[in-house]
Amino acid sequence: MTYYSGFLLAVPTANKQTYIDHAKKAAPMFKRWGALRMIENWGVDVPRGKVTDFYMATQAKDDETVVFSWIEWPDRATADAAYEKMMSDPDMQSMGEMPFDGMRMMWGGFEPVVDES
């Protein structure tokens, strides 16, 4: 069953191109490890809420933009194996510092329950 790794993070708006470059460098590695596709989405119409919203969830600062992304895998086993490989892959280690605060990034694994493709 298809499996998704989802991510929510805040990126300094000034780092947009650096973030895009970082993601483009990472995508071939994820594909090599079995990912079907990787989608990165830069927030352009993200409303602020009174109780909760994406900004509060990521503790985004005024000079940051919310990013919502996911990686599609053929199944959870492939995703789990990929994350094991990631920890020891020299290519991943050579990517350098992330262009955002990884401590405020959220992620999780998801199985689809409705797919109206």
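**Salt bridges, aromatic rings and buried polar side chains**

A salt bridge joins the side chains of Arg37 and Glu72, with 2.6 Å from N to O. This pair ties together distant parts of the chain, since Arg37 belongs to strand β2 (residues 37–42) and Glu72 to strand β3, 35 residues apart. The two partners sit in rather unlike surroundings: Arg37 is partly exposed, at 39% relative accessible area, whereas Glu72 is buried, at 14%. The 14% of Glu72 counts as buried because the cut-off for that label is under 20%. The model is a predicted one, and everything described here should be read with that in mind.

Searching the whole structure turns up 4 salt bridges. Another of them is found between the side chains of Arg76 and Asp80, at 3.4 Å from N to O. Here both residues lie in helix α3 (residues 76–88), 4 residues apart, or about one turn of the helix. Arg76 is partly exposed, with a relative accessible area of 47%, and Asp80 is partly exposed too, at 39%. So neither end of this bridge is buried: 47% for Arg76 and 39% for Asp80 both fall between the 20% and 50% cut-offs.

Asp101 and Arg104 also meet through their side chains, in a salt bridge of 3.0 Å from N to O. What else joins in? Glu64 does: Glu64, Asp101 and Arg104 are linked in a network of salt bridges. Within this network, Asp101 is partly exposed, with 32% relative accessibility, while Arg104 is buried, at 11%.

Positive charge turns up in another setting as well. The charged end of Arg48 sits over the ring of Tyr55, 3.7 Å from the ring centre. As for rings meeting rings, the count of aromatic pairs comes to 8. One aromatic cluster is made up of Phe30, Trp33, Trp73 and Tyr83.

Two members of that cluster, Trp73 and Tyr83, come up again around Ser5. This serine has its place in strand β1 (residues 3–12) and is buried, at 4% relative accessibility. Which side chains does the Ser5 side chain reach by polar contacts? One is that of Trp73, joined to the Ser5 side chain by a polar contact of 2.9 Å. The other is that of Tyr83, with a polar contact of 3.2 Å to the side chain of Ser5. Setting aside neighbours within four places in sequence, Ser5 is in contact with Ser69, Trp70, Ile71, Trp73, Ala79, Tyr83 and Gly108. Of these, Ala79 and Tyr83 are contacts of Ser5 whose numbers fall within helix α3 (residues 76–88).

Thr65 gives a second case of a buried polar residue: its relative accessible area is 11%, and its place is in strand β3. A polar contact of 2.8 Å joins the side chain of Thr65 to that of Thr13. Beyond residues up to four places away in sequence, Thr65 touches Leu9, Ala10, Val11, Thr13, Trp42 and Gly43. Leu9, Ala10 and Val11 are among these contacts, and their numbers put them in the span of strand β1 (residues 3–12). Trp42 is another, at the 42 end of strand β2 (residues 37–42).

Two exposed residues round off the picture. Gln59 lies in the loop between α2 (54–58) and β3 (64–73), and its phi is near 55 degrees, a positive value in a residue other than glycine. That is worth a second look because most residues other than glycine have a negative phi. Gln59 is exposed, with a relative accessible area of 56%.

Glu111 lies in the segment after β4 (106–110) and is likewise exposed, with a relative accessible area of 53%. The label holds for Glu111 because 53% is over the 50% cut-off. Where in the chain do the contacts of Glu111 come from, once neighbours within four places in sequence are left aside? They come from Met1, Thr2 and Tyr3. For Glu111 and Thr2, the separation is 109 residues in sequence and 6.7 Å in space, C-alpha to C-alpha.

Methods. Residues numbered from 1 in each chain as written. Predicted model: local features only at pLDDT ≥ 70, side-chain atom pairs only at ≥ 80, totals over all residues. Heavy atoms only, no water. Helix = DSSP H or I, 4+ residues; strand = E, 2+ residues; numbered from the N terminus. Buried < 20%, exposed > 50% of the residue type's maximum accessible area, 1.4 Å probe, protein only. Contact = heavy atoms within 4.5 Å. Phe/Tyr/Trp six-rings, centres within 6.5 Å; stacked < 30°, edge-to-face > 60°. Lys NZ or Arg CZ within 6 Å of the ring centre and 35° of its normal. Polar contact = N/O pair within 3.5 Å; in protein donor to acceptor, adjacent residues only side chain to side chain.
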